[in-house]
Amino acid sequence: MKLIKAAALGASLFFIAAASHAGETFDSVKKKGFVQCGTHTGLPGFSIADSKGEWSGIDVDLCKGIAAMMFGDATKFKTTAVTTQQRFTALQSGEIDVLTRNTTATMTRDTTLGLMSAGVNYYDSQGIMVSKELGVKSAKELSGAAICVQPGTTTELNLADWFRSNNLEFKPVVINSPDEAMRSYVAGRCDAFTTDKSGLATIRTTLEKPDDHLILPEDFSKEPLGPMVRQGDDPWFMVVRWTLNTMLEAEEYGITSKNVDDMLKSPNPNIQRILGVTGEMGKGLGLDNKWAYNIIKQVGNYGESFERNIGAGSAMKLERGINAQWRDGGLMYGWPIR
């Protein structure tokens, strides 16, 4: 009984400490003059560095948007590349201010880690990629197959659940690094590789012969990907949440990085509020009223970010699909700025 009480007390003290630490995030970011974002170690289209060390991707754009919102300058950010196993510890410890890495929002993560999701910037699903030489068209033909998977991910659990529910056996080949996992897959150490379908699509473009590999049709899960912050700091949570919503709202109202200055003259009351022409929308955030203008001018709206990083204007050429705006049949729905 004493052990149980001690464990409960320890858990309580952890969350109190986490909340206390997290409450300082907004002020500490302002004081140091930049935002520290946790990103993927290298996933094309989402977060990856080029030969000059310049980072890009939709997750990096979100980080830049937060910087533009906080400082009026999208360049005031730094990145910390974190693996699937490092990412939550890095956020809990304060090593990073926000996790802008393709991370699935789940109830367990929101309720047991002292962290919480701040929105969804990409709706995904888990899939499996195989070599066409294997001659399979469905995951149901993979009974007994060796499948490369990363540990500490929802992917690992989803894979086991799906195979179990379909009365199929498989051999997990657990590899921490996504690059190492892909090398193992290409070398034939495993028959298939599993991760989010967007990740499979982007990784496939890096292979020597992309057309020799097939992403199977099955969807193993729902993977709402988006940023996470520590619990207990509402002002910082609001900054991250409304950075994302601003990019979504800007796309819906046709405000882009190229026309945002002209849009300052728009008679549309919604656009006027978004761009700070009318109202005091920045007051409750502790920011000036140009916060949304700065995000759109320097980073762009959600559609612009999507297209240049993973859409038609990128090497991935992914369709918008369910990540289209709600009026276009997708799930992307910006919360109203009013």
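**Entry 1: a pair of charged side chains**

Which residue does the side chain of Asp-261 meet in a salt bridge? I looked it up in this predicted model, and the partner is Lys-297, at 2.7 Å from N to O. Next I checked where the two sit. Asp-261 belongs to helix H10 (residues 260-263) and Lys-297 to helix H12 (residues 291-298), so this salt bridge ties together parts that are 36 residues apart in sequence. Then I asked myself: are they buried or exposed? The answer lies in between, because a residue counts as buried under 20% relative accessible area and as exposed over 50%. Asp-261 has 31% relative accessibility and is therefore partly exposed. Lys-297 has 36%, so Lys-297 is partly exposed too.

**Entry 2: two more salt bridges**

How many salt bridges does a search of the whole structure find? I noted 7, and I picked out two more to follow.

Lys-32 forms one of them with Asp-97, and their closest N and O atoms are 2.7 Å apart. Lys-32 is in helix H2, while Asp-97 is in the loop between helix H4 (87-93) and strand E5 (98-99). I wrote down that the pair links distant parts of the chain, 65 residues apart. Asp-97 has a relative accessible area of 3%, so I filed Asp-97 as buried. Lys-32, at 35%, counts as partly exposed.

The other pair is Asp-219 with Lys-197, at 2.9 Å from N to O. I found Asp-219 in the loop between strand E12 (213-215) and strand E13 (223-225), and Lys-197 in helix H8 (residues 197-204), 22 residues apart. Here the lysine is the buried partner, because Lys-197 has a relative accessible area of 19% and the cut-off for buried is under 20%. Asp-219 is partly exposed at 47%.

**Entry 3: helix H9 and its neighbours**

I turned to helix packing. Two packed helices are described by the angle between their axes and the distance between those axes. Helix H9 (residues 234-252) packs with helix H2 (residues 25-32) at about 70°, and the axes are 7 Å apart. H2 and H9 are therefore roughly perpendicular to each other. Which residues meet here? From H2 I listed Thr-25, Phe-26 and Val-29, and from H9 Pro-235, Trp-236 and Val-239. Sorted by class, the contact has 5 nonpolar residues, 1 polar and no charged ones.

H9 also crosses helix H13 (residues 302-309), at roughly 95°, with the axes coming within 6 Å. So H9 is roughly perpendicular to H13. On the H9 side I noted Met-247, Leu-248 and Glu-251, and on the H13 side Tyr-302, Gly-303 and Ser-305. This contact divides into 3 nonpolar, 2 polar and 1 charged residue.

**Entry 4: the nonpolar cores**

Where does the largest share of the largest nonpolar core come from? Helix H3 (residues 58-71) supplies it, with 10 residues. The core itself has 69 residues. Among those with the most contacts inside it are Val-35, Met-70, Tyr-122 and Trp-236. I was pleased to meet Trp-236 again, since I had listed Trp-236 in the contact of H9 with H2.

I also looked closely at Tyr-122. Leaving aside its neighbours within four places in sequence, Tyr-122 is in contact with residues including Phe-46, Ile-58, Ser-198, Glu-223, Tyr-302 and Met-332. My last note is on a second, separate core of 16 residues, which includes Val-136, Ala-139, Trp-162 and Phe-170.

Technical notes. Residues are numbered from 1 along each chain as its sequence is written. This is a predicted model: local features need pLDDT of at least 70, side-chain atom pairs count only at pLDDT 80 or more; totals for chains, interfaces and linings use all residues. Side-chain values use heavy atoms; hydrogens and water are left out. Axes are lines fitted to C-alpha atoms, for helices over the stretch in contact, and angles run from 0 to 180 degrees between N-to-C directions. Helices (H or I, at least four residues) and strands (E, at least two) are DSSP runs, numbered from the N terminus. Angles under 35 degrees count as roughly parallel, over 145 as roughly antiparallel, 65 to 115 as roughly perpendicular and the rest as oblique. Contact means heavy atoms within 4.5 Å. Ala, Val, Leu, Ile, Met, Phe, Trp, Tyr, Cys and Pro count as nonpolar, Asp, Glu, Lys and Arg as charged, and the others, Gly among them, as polar. A nonpolar core is a set of buried Ala, Val, Leu, Ile, Met, Phe, Trp, Tyr and Cys residues joined through side-chain atoms within 4.5 Å. Buried means under 20% relative accessible area, exposed over 50%, partly exposed in between (1.4 Å probe, protein chains only). A salt bridge is a side-chain nitrogen of Lys or Arg within 4 Å of a carboxyl oxygen of Asp or Glu.
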